[in-house]
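Student: Could you take me through one part of this model at close range, namely the small sheet and what surrounds it? I would like the pairing first and the wider setting afterwards.

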Amino acid sequence: MSRGDRHANVAFFVPHLGCPNQCSFCNQRTISGQQHPPSPEEVRWICREALDRLGERAAQAEIAFFGGSFTAIERGYMVSLLEAAAPLVGEGRFSGIRLSTRPDAVGEEVLELLGNYGVTVIELGAQSMDDRVLRRNLRGHTASQVEDASERIHRHGFSLGLQMMTGLDGQSSESCLDTAARLAELEPECVRIYPTVVLKGTLLAERYLNGAYAPPPLEETVSLGARLLDFFEEKEIPVIRFGLHASREVEGQMLAGGYHPALRELCEARRFLFREQAVLEKHFPKGWAEPVRLAVNPRDISKALGQKRKNLQLLEQEGWRVFMVQDENVGVGRIQLKHS
Ligand code: SF4
């Protein structure tokens, strides 16, 4: 059972099955923390158990098939999982079925089929809209396939989710920002962003160990994450996940990369740091002798200060001594200069 990102989901991971290739970064078994694919009986049993646990909240929850490439798995097995889940959606006990898959595995025929089984949201692993990056990381599909698949998903009446990565081999920050802009044009209902984590047993691990590839440092990942979160917020597209779920499996298998148990919080604090810098730069030269008071809504105070007051320390290094105060009258997400 996963808490999901906005509400409770009953999540099943279908590791590795159905993938026509092996992406440079992927070791699904580690990411999902599960070694075997779920059986239809397990789906039924776990969903029933979740119904008991969630009570009325279940009607807001989705049954989710994440992990591999759901629509590319062996058709009989895929249908058996959907048959196990669909009756619970049909009876209105769960709100729908959500699944993730590859952009080259959502043809007309499979979309027709999914529509018959209560599927509501299809998430595509786009990862990048830069064909050069896609090729370098052996994704096995192109950016235009992401666009075509998104159009089909909308046309068949499903909600669209899009997933992108940062820090892939050959992927610059500019390329990531360009990917974000192109994904936004496809009008997804939500986005997930995954900074690359180099896991043992992957091609990226090989390239990392022989010096051919290095993931961006965490600081860079956090700053880029802050810019991406700002961008999608401006476009009113919720980012429902940023970074891999913290887990012992990932920590045990990870060699390097954009992983931190509180990665999203670090990015949210960095967004505030950028705003604080903008306010200060506008009003005070660096090295300003007087302390400056900035006010934020009480809900934002920990983001405004940063983890272990890191934002204040960075501002001080840049030449501004800042006191952060809380003020209910300041809008959430905003910063106000206080003239004392
Ligand atoms: S398509 Fe997805 S599950 Fe398959 S190898 Fe690539 S990242 Fe892994």
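Tutor: What follows describes the sheet, then the helix across the sheet, and then the domains and the core. The model is a predicted one, and the sheet in question is an open one of three strands, arranged in the order β11-β10-β12 with mixed pairing. Its edge strands are β11, residues 322–326, and β12, residues 336–338, each of which pairs on one side only. On average, neighbouring strands of this sheet are turned by 35° against each other when direction is ignored. Between β10, which covers residues 292–296, and β12 the pairing is antiparallel and runs over three bridges, and within this arrangement Ala295 stands opposite Gln336 of β12. Helix α11, made up of residues 263–283, lies across β10, β11 and β12, and its direction makes an angle of about 140° with β10.

As for the wider setting, the domain assignment divides the chain into domain 1, residues 9–261, and domain 2, residues 272–338, and the C-alpha centres of these two domains are 36 Å apart. The largest nonpolar core holds 88 residues, among which Ile63, Phe65, Ala85, Ile122 and Met164 touch the most other members; to this core domain 1 and domain 2 each contribute at least three residues. Taking Ile122 as an example, and leaving aside residues up to four places away in sequence, one finds that Ile122 touches Leu99, Thr101, Val106, Ile153, Phe158, Leu160 and Gly161.

Notes: Residues numbered from 1 in each chain as written. Predicted model: local features only at pLDDT ≥ 70, side-chain atom pairs only at ≥ 80, totals over all residues. Domains from an automatic or database assignment. Pairing = 2+ DSSP bridges. Helix = DSSP H or I, 4+ residues; strand = E, 2+ residues; numbered from the N terminus. Axes fitted to C-alpha atoms, helices over the stretch in contact; angles between N-to-C directions. Contact = placed C-beta atoms within 7 Å. Core = buried A, V, L, I, M, F, W, Y, C linked by C-beta atoms within 7 Å. Buried ≥ 20, exposed ≤ 12 C-beta atoms within 10 Å, placed from the backbone.
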